Each structure stands twice: as structure tokens, then as C-alpha cells.
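User: Please take a close look at the salt bridges in this model. I want to know which parts they tie together and how covered the partners are.

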Amino acid sequence: DGKKETIDSLLDGKDSVTWSRSLSNEWGRLSHGNDHGVKGTETIDFIYKHQVPSENKVTYASYVCDYRPLKEEPYRVRITVGGDKLDYNDDAGSPAANLLETKIIINSTISDAHRGARFMCADIKDHFLATPMKNPEYMRVKYKYIPTDIRLRYNLDDKVTPDGYIYIKIQKRMPGLKQAAILAYQHLKNCLEPFGYEPIEGTVGLWHHKTRPTKFCLCVDDFGIKYWSKSDAEHLCNA
């Protein structure tokens, strides 16, 4: 009927079983897995309300629902953090995608194709959910948004508050946190540096290898890569 769906309408609709399963997968992905075989990232822990430090603010969660027919999991629910309610006073800015630099690396690959240059794309799965934060954050969610299998797996009936909330400790990066982008960038930079990859001075998102001819344009955890041999491509992927 043209009305935008919400997490509530989807969980109450004709495909409620499908969307509940997707929501379970997301909670399992964020925590320590679920009963459907999703591998956890240990990004969050379900805690008691009294375990939240008194000096910490508690924020909310938002639910982003989408249908991606080409993905392995087409019905997708992603949980983001209400970063606007949290205090983060350090500089949260990070290098952003640059359209001009993207065009440069693609066009240079085309120009060098006759000499053997190739282009490929890659991304790091669950990159935002992979790195610990120095200082954890906290949020709460309504218990109705926790599927039954997650409730049972993590014994959440004992942790739900009288007003119907579950409290969560966020110990790794999540979308929505102000500091997520810069922490993701710093972590990736630290991981790639020992393998010889570094940002190109004077650019926003271009990187190169110190000795290999590989160059790539980086957007958070998405790579547009110009490479010259399978060995060079595998070296970056393995790094």
C-alpha cells in the first residue's frame, strides 16, 4: 500500500517468521552466535542493568531492514547504535571516499590494461564488528525485539527489567557510534602496515604498497584495487 515498513510491522506481518529469523541472526552475529549457525563477533554482551557504570550514558538501538535478493541472506536486519545520545569528545573524523580518486584509479587501470593491469573489488566481512574499543558504550532495547531463541540461549529472562528492557554492553565497534569510522580506519591501517601497505601522502583514500605496484582506493572496508598479477592480488587479500 506504499507505506514504509518498520521492524514492528515486519515482525507482526505475514512474513514474521522470516524477519524474526533475520533479527535473531543479527543478534547472534553481534553477540556469540545463535541456534541457526550464525558465528558471533563478540561485539556485545547482554548484561544486567546494575552492571552499567553510573557515569555512562545509555543509548537506544535502531533497526534497519532491507531485502537484498543477491545476498546469501536476502532478508536483512541490521542494528545500529544511537550515537547522538553518547558522549564522545575526541576527533571522530576519518578519511572519506573521494570520487575523483576513485575515477583516477579506475581510469588508470583501463589505460594500463594492455600492459596487464587488472581491477577488482573486495570488502572485509563484518569489519565494523571486529575491533575492540578502548572504552565500551551501553544501550538498551525493548525485550520484544529479542527473538525467543536468543532469549533462551542467553538466559535473558533473568536480565529483563520490570519495564521491559534488556541492557547491552558494546565492546566493539558498531554502526552509529561516532567513533566507529575513525577506529575502523586506524585498525585497518595498523593491520595493513606490517605487510607494506600505506596511504599515499596528499590523497584522501588512495593507498599503495611500498614495493609492489598494487594501488587501491579505500572506502571504510571496501577496496577498489588496481593490481598487476595474481600474486599481488592474493598478497593484499591475505594481508
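Analyst: Here is a walk through the salt bridges, followed by a few other local features.

This is a predicted model, in which local features need pLDDT of at least 70, side-chain atom pairs count only at pLDDT 80 or more, and totals for chains, interfaces and linings use all residues. Residues are numbered from 1 along each chain as its sequence is written, and side-chain values use heavy atoms, with hydrogens and water left out.

The structure holds 10 salt bridges. The term means a side-chain nitrogen of Lys or Arg within 4 Å of a carboxyl oxygen of Asp or Glu.

Take K144 and D8. Their closest N and O atoms are 3.3 Å apart. K144 lies in the loop between strand 6 (132–142) and helix 4 (148–153), and D8 in helix 1 (residues 7–12), so the pair ties together parts that are 136 residues apart in sequence. Helices (H or I, at least four residues) and strands (E, at least two) are DSSP runs, numbered from the N terminus. D8 counts as partly exposed, at 29% relative accessibility. On this scale, buried means under 20% relative accessible area, exposed over 50%, and partly exposed in between (1.4 Å probe, protein chains only).

R153 pairs with D35 in another salt bridge, with 2.7 Å between the closest N and O atoms. R153 sits in helix 4 and D35 in the loop between helix 2 and strand 1, so this pair ties together parts 118 residues apart in sequence. R153 is partly exposed, at 38% relative accessibility.

K226 and D112 also meet through their side chains, at 2.7 Å from N to O. K226 belongs to strand 11 and D112 to the loop between helix 3 and strand 5 (118–123), so parts 114 residues apart in sequence are tied together. K226 is buried, with a relative accessible area of 9%. D112 is buried too, at 16%.

Salt bridges also link E26, R29, E73 and R78 in a network. R29 has a further partner: its backbone oxygen is reached by the side chain of T41 at 2.6 Å. T41 is found in the loop between helix 2 (16–30) and strand 1 (44–47). T41 counts as buried, at 13% relative accessibility.

Strand 11 (222–227), which holds K226, has another role in the packing. The buried residues of helix 5 pack against strand 11, among other elements including helix 6 (230–238). Those buried residues are A180, I182, A184, Y185, L188 and L192.

Definitions and conventions
Contact means heavy atoms within 4.5 Å. A polar contact is a pair of N or O atoms within 3.5 Å; within protein, one must be able to donate a hydrogen and the other to accept it, and residues adjacent in sequence count only if both atoms are side-chain atoms.
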